[in-house]
Amino acid sequence: MNDERTDRTDRLILRLLGGVLGLLGVAVLLHSTGALGSRRAASPVLSSPTVAWYEDNGRWLWPALIAVLIALVAGSVWWVSNQVRLQGSSRIELAHDPGGTLDVSGSHLAECIERDALNQQGIERARARVRTTPQAVLVWLTIWIGPPYDVGRSVARVANTVLPNLRTTLDGNGQRPIRTHITVETAEAVISKLD
């Protein structure tokens, strides 16, 4: 699914940024503590030849840095808008007739799915995301189960109750199929009790 690919891309970008910033931090720490030698610790981070190089190449260097920063800002804006869109900001049409339309936001529908899942025995927490495309309604549901950790029964309850309720709600949306992705986790409260 597009959401999974975007999640993988987000994780990769954040790991790369974290790694680069971590390496820079370690380098500055090693430089300042003298781990690279006492002469190195007493010297400035940027030596005189480096500063002179920046002064000599300032005509093209600073505009190039500004262009890179603009690209970073544009990429950041795209990333944030993509995150907001994936949280269910789309609207889903429930009914349409000559008198008007009835629609619901994806985030509100996600809240209803979460509440419906929490009404099922053995499910302690639930998180849902809903997005619509012209081809289908996409639903990602994560449930956290408690004792006796019966994954099969919890998934069956979701499949036999929560998803049919969702299908009934979306019955008038042009018969678009509902594509669901269910993830099952162990409830956090239970994990702390087992330690």
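Let me begin with L65, which is found in helix α4, where helices are DSSP runs of H or I with at least four residues, strands are DSSP runs of E with at least two, and both are numbered from the N terminus. Since everything here rests on a predicted model, please keep in mind that local features need a pLDDT of at least 70 and that side-chain atom pairs count only at pLDDT 80 or more, while totals for chains, interfaces and linings use all residues. Residues are numbered from 1 along each chain as its sequence is written, and side-chain values use heavy atoms, with hydrogens and water left out.

L65 counts as partly exposed because its relative accessible area is 36%, and the scale I use calls a residue buried under 20% relative accessible area, exposed over 50%, and partly exposed in between, with a 1.4 Å probe and protein chains only. Together with W53, Y54, W60 and W62, L65 makes a nonpolar surface patch of about 550 Å². Such a patch is built from residues with over 30% relative accessible area and no salt bridge, with nonpolar side chains (Val, Leu, Ile, Met, Phe, Trp, Tyr) joined within 5 Å, whereas like charges would be joined within 9 Å. The areas themselves come from the Shrake-Rupley method with a 1.4 Å probe, and for residues only the protein chains shown count as cover.

Which element gives the largest share of the nonpolar patch? That is α4, with 3 residues, and the elements that give two or more residues to the patch are α3, residues 48-56, and α4, residues 58-86. W53 has its place in helix α3 and is partly exposed, because its relative accessibility is 42%. If we leave aside neighbours within four places in sequence, W53 is in contact with W60 and L61, contact meaning heavy atoms within 4.5 Å.

Let me turn to charges. The structure holds 1 salt bridge, defined as a side-chain nitrogen of Lys or Arg within 4 Å of a carboxyl oxygen of Asp or Glu. In that salt bridge the side chains of D150 and R153 meet at 3.8 Å, N to O, and D150 is partly exposed, as its relative accessible area is 33%.

E114, placed in helix α5, residues 106-118, is a case I would set beside that pair. What is the nearest side chain of opposite charge to E114, and how far away is it? It is R127, at 6.3 Å, and E114 is buried yet has no salt bridge; for the charge count, Lys and Arg are positive and Asp and Glu negative, while His and the chain ends are not counted. Not counting residues up to four places away in sequence, E114 touches A126, R127 and A128.

Next comes helix α6, residues 151-169, in which A159 lies and in which S154 lies as well. S154 is buried because its relative accessible area is 3%, and, neighbours within four places in sequence aside, S154 is in contact with I123, I143 and I145. A159, by contrast, is partly exposed, with a relative accessible area of 34%. A159 and I182 are 23 residues apart in sequence and 9.6 Å apart in space, C-alpha to C-alpha.

T186 belongs to strand β5, residues 178-186, and is partly exposed at a relative accessible area of 34%. The C-alpha atoms of T186 and E124 are separated by 9.0 Å, although the two are 62 residues apart along the chain.

Now for the chain as a whole, which has 7 helices and 5 strands, running from the N terminus as α-α-α-α-β-β-α-β-β-α-β-α. Buried residues make up 26% of the 195 residues, and the accessible surface comes to about 13,100 Å², of which 60% belongs to carbon and sulfur atoms. Of the contacts with a separation of 6 or more, 54% come from residues 24 or more positions apart.

I will finish with confidence, given as pLDDT, the predictor's confidence in each residue from 0 to 100. The chain mean is 78, and 79% of residues reach 70 or more. Among the elements, strand β4, residues 137-145, has the highest mean pLDDT, 87, and helix α7, residues 188-194, the lowest, 43. Over residues 189-195 the pLDDT is below 50, and this stretch has 6 contacts in the model beyond near neighbours in sequence.
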